[in-house]
There are 2 protein chains.
Amino acid sequence: MNRFLSNATNKIDAKGRVSVPAQFRNVLSRLDIQELYAIQDFIYPAVTVGGPDLLDRFERQIDGGDPFSMDANDMSLLIHGGGVFLKLDGEGRLMVSDFIRDYTGITDQVTFVGRSDHFQLWDPVCYEEKRQEALSRRMAGGQPRAGQGETG
Amino acid sequence: MNRFLSNATNKIDAKGRVSVPAQFRNVLSRLDIQELYAIQDFIYPAVTVGGPDLLDRFERQIDGGDPFSMDANDMSLLIHGGGVFLKLDGEGRLMVSDFIRDYTGITDQVTFVGRSDHFQLWDPVCYEEKRQEALSRRMAGGQPRAGQGETG
DNA sequence: CTTGATCCCATTGACGCCCAAATTATCCCA
DNA sequence: TGGGATAATTTGGGCGTCAATGGGATCAAG
């Protein structure tokens, strides 16, 4: 698989590290992503992680308009200044910095959520809540069937 | 990485010095930037720092005459006359002068903010405020609640 | 002579790198 | 289909390196 799909939850150890799921690491190497850039999600309390092309995608938005406009300035401040680089150690773990904790509410566990060309870091409880909300919105008007349908 | 990205906050010591983040120093040497020029940011309470090509870029803008900027005369006054040169010591620190303090409100800490081809000096608290404002503007409109990750 | 900036060296603490243990998943064979 | 062996992954922790910081000594300027 060459896209980030599904989700997994791992523990943060005493040194503040957490393993990126092997499945995601496989995608990273398959897409030949060497550098990881992380930014706050604009909508959800989550942190978005991706390679250089993620940055490119946002930068095209910045370059699109007048480079000295307020809009481009905001965007640059958020994208260029508001992100951080993540580095994986030999075992494929990353440091859960204050940056990540502040924007996600993560304390002792991290839920990795695939988003096709990138993935996100969530607090497990928060993720479940927002997922349910999104589900409810999708099903608005219809009737939910039996069962919760959550991935253990 | 050959661009200024991400951000970092360092302390000002008793002598008024602050370390430029190693990451940014690497970019400086990679771009072979020997001289640092600092000017007041036109939009935010921050000081913009860059190499000689930063000056070039502003000069091109003065010539271009763009609707969002003040006129060329003001620009020249601010850029050519209003800037200062910064010098790094052997450990990669710079003096936080009154020039910097006046335009940023910096007192005892400095947040270095990457802006791709240059970086900026901010007061940490002020940076967080303005970043949040920029985020709010980007999110203007009706989205799903983007509340901070409260895990209470 | 006094003030402040620059240079140089010491300290400290965080992070990266490495190896080992424990846990989980996968496969093979009875 | 169940049990055990084997592989893969996750988790734990020691240790060295480097960046950030502190402070004394030297130098320049008023």
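Let me start with the secondary structure of chain A, which in this predicted model contains five helices and eight strands. If you read along the sequence, the pattern that chain A follows is β-β-α-β-β-α-α-β-β-α-β-β-α. Of the 152 residues in chain A, 35% are buried, and when we take the contacts in chain A between residues at least 6 apart in sequence, 59% of them join residues at least 24 apart.

Now to the sheet. Six strands of chain A form an open sheet with antiparallel pairing, and their order is E1-E7-E8-E4-E3-E5. The edges are formed by E1 and by strand E5 (84-86) of chain A, each of which pairs on one side only. On average, and with direction ignored, neighbouring strands of this sheet are turned by 30 degrees against each other. As a general reminder, the strands of a sheet pair through backbone hydrogen bonds, either parallel or antiparallel. One pairing to look at on your screens is that of E7(A) with E8(A), which run antiparallel and are joined by four bridges; for orientation, A:Thr111 stands opposite A:Trp122 in E8(A).

The loop between strand E7 (109-114) and strand E8 (119-122) of chain A holds A:Ser116, whose phi is near 75 degrees, a positive value in a residue other than glycine. Most residues other than glycine have a negative phi. Is A:Ser116 buried or exposed? A:Ser116 counts as exposed, because it has 9 C-beta neighbours inside 10 Å and the cut-off for an exposed residue is 12 or fewer.

Chain B offers another residue of this kind, B:Asp32, with a positive phi near 60 degrees. B:Asp32 is placed in the loop between helix H1 (22-30) and strand E3 (36-40) of chain B, and since 7 other C-beta atoms lie within 10 Å, B:Asp32 is exposed as well.

Let me turn to the interior. In soluble globular proteins, nonpolar side chains tend to be buried together. Here the largest nonpolar core has 34 residues, of which A:Phe24, A:Ala38, A:Val47, A:Phe112 and A:Leu121 touch the most other members. Among the elements of chain A that give two or more residues to this core are helix H1 (22-30), helix H3 (70-81), helix H4 (98-104) and helix H5 (124-139), together with strands including E3 (36-40) and E4 (47-50). To take one core residue in detail, A:Val47 touches, among others, A:Ala38, A:Ile100, A:Tyr103 and A:Leu121, leaving aside residues up to four places away in sequence. There is also a second, separate core of 29 residues, which includes B:Phe4, B:Val47, B:Leu121 and B:Tyr127.

Finally, the DNA. Which residues come nearest to DNA strand D? Of the 23 residues around that strand, they are A:Asn10, A:Asp13, B:Asn10, B:Asp13 and B:Ala22. Strands E1 (7-11) and E2 (17-19) of chain A, and likewise E1 (7-11) and E2 (17-19) of chain B, each supply at least two residues of the surface near DNA strand D. By class, this surface divides into eight nonpolar, six polar and nine charged residues.

Around DNA strand C we find residues of both chains, including A:Lys87, A:Asp89, A:Glu91 and A:Met95 along with B:Lys15, B:Gly16, B:Lys87 and B:Met95. The surface near DNA strand C has two nonpolar, three polar and seven charged residues.

Definitions and conventions. Residues are numbered from 1 along each chain as its sequence is written. Chains are lettered from A and ligands numbered from 1 in the order in which they are written. This is a predicted model: local features need pLDDT of at least 70, side-chain atom pairs count only at pLDDT 80 or more; totals for chains, interfaces and linings use all residues. A residue is near a molecule or strand if its C-beta atom, placed from the backbone, lies within 6 Å of it. Ala, Val, Leu, Ile, Met, Phe, Trp, Tyr, Cys and Pro count as nonpolar, Asp, Glu, Lys and Arg as charged, and the others, Gly among them, as polar. A residue is buried if 20 or more other C-beta atoms lie within 10 Å of its own, exposed if 12 or fewer, and partly exposed in between; C-beta atoms are placed from the backbone. Two residues are in contact if their C-beta atoms, placed from the backbone, lie within 7 Å. Two strands pair if DSSP finds at least two bridges between them. Axes are lines fitted to C-alpha atoms, for helices over the stretch in contact, and angles run from 0 to 180 degrees between N-to-C directions. A nonpolar core is a set of buried Ala, Val, Leu, Ile, Met, Phe, Trp, Tyr and Cys residues joined through C-beta atoms within 7 Å.
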